[in-house]
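Biologist: I'm new to this one, so could you walk me through its aromatic rings? Please start with the rule you go by.

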Amino acid sequence: QVQLVNSGGGLVQAGGSLRLSCAASGRTFSNYALAWFRQAPGKGRKLVSAISRSGANTYYADSVKGRFTISRDNAKNTVALQMNSLKPEDTAVYYCAATSTTYSSLTYYQAYEYRYWGQGTQVTVSS
């Protein structure tokens, strides 16, 4: 299995930027498709962005498209989410997630498809 550790959350003003990171240990990192989800208070966990094993394919929710960028470094076993132009509605706990797959170019969109999860990191955007 793989262990995921989130870092990089915090408090930022609207319009600001944050970079979330997720470090993985355990099995071969490049065998996993990855994603970032978020969960706001009283709401369900929603997909923010996903990236394929190879890194060639990415997905972004409409609400973050053009503002967030997902990236992975298979040599360093890390996945990052660069968040720019943050809005108060981006406030949530953010989780990285991983799923083992044989398909190098696929991204996965549902929380149930991800077996491994980080502990979550709080992002708060003030207006």
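Modeller: Rings of Phe, Tyr and Trp (its six-membered ring) pair if their centres lie within 6.5 Å; planes under 30 degrees apart count as stacked, over 60 as edge-to-face and the rest as tilted. Bear in mind that this is a predicted model, where local features need pLDDT of at least 70, side-chain atom pairs count only at pLDDT 80 or more, and totals for chains, interfaces and linings use all residues. Residues are numbered from 1 along each chain as its sequence is written, and side-chain values use heavy atoms, leaving out hydrogens and water.

Biologist: By this rule, how many aromatic pairs are there?

Modeller: Going by that rule, the count is six aromatic pairs.

Biologist: Why is the pair of Tyr 32 and Tyr 116 called what it is, and what is that?

Modeller: Their ring centres are 6.0 Å apart. The planes stand at 70°, so the pair is edge-to-face.

Biologist: How many residues apart are Tyr 32 and Tyr 116?

Modeller: Tyr 32 is in strand E4 (residues 32–39) and Tyr 116 in strand E10 (residues 116–117); strands are DSSP runs of E, at least two residues, numbered from the N terminus. The pair links distant parts of the chain, with a separation of 84 residues.

Biologist: Which residues form one aromatic cluster with Phe 37 and Tyr 95?

Modeller: Within it, one pair is edge-to-face, at 6.4 Å centre to centre and 70° between the planes: Tyr 114 with Trp 117. So the cluster brings Phe 37 and Tyr 95 together with Tyr 114 and Trp 117.

Definitions and conventions: Helices (H or I, at least four residues) and strands (E, at least two) are DSSP runs, numbered from the N terminus.
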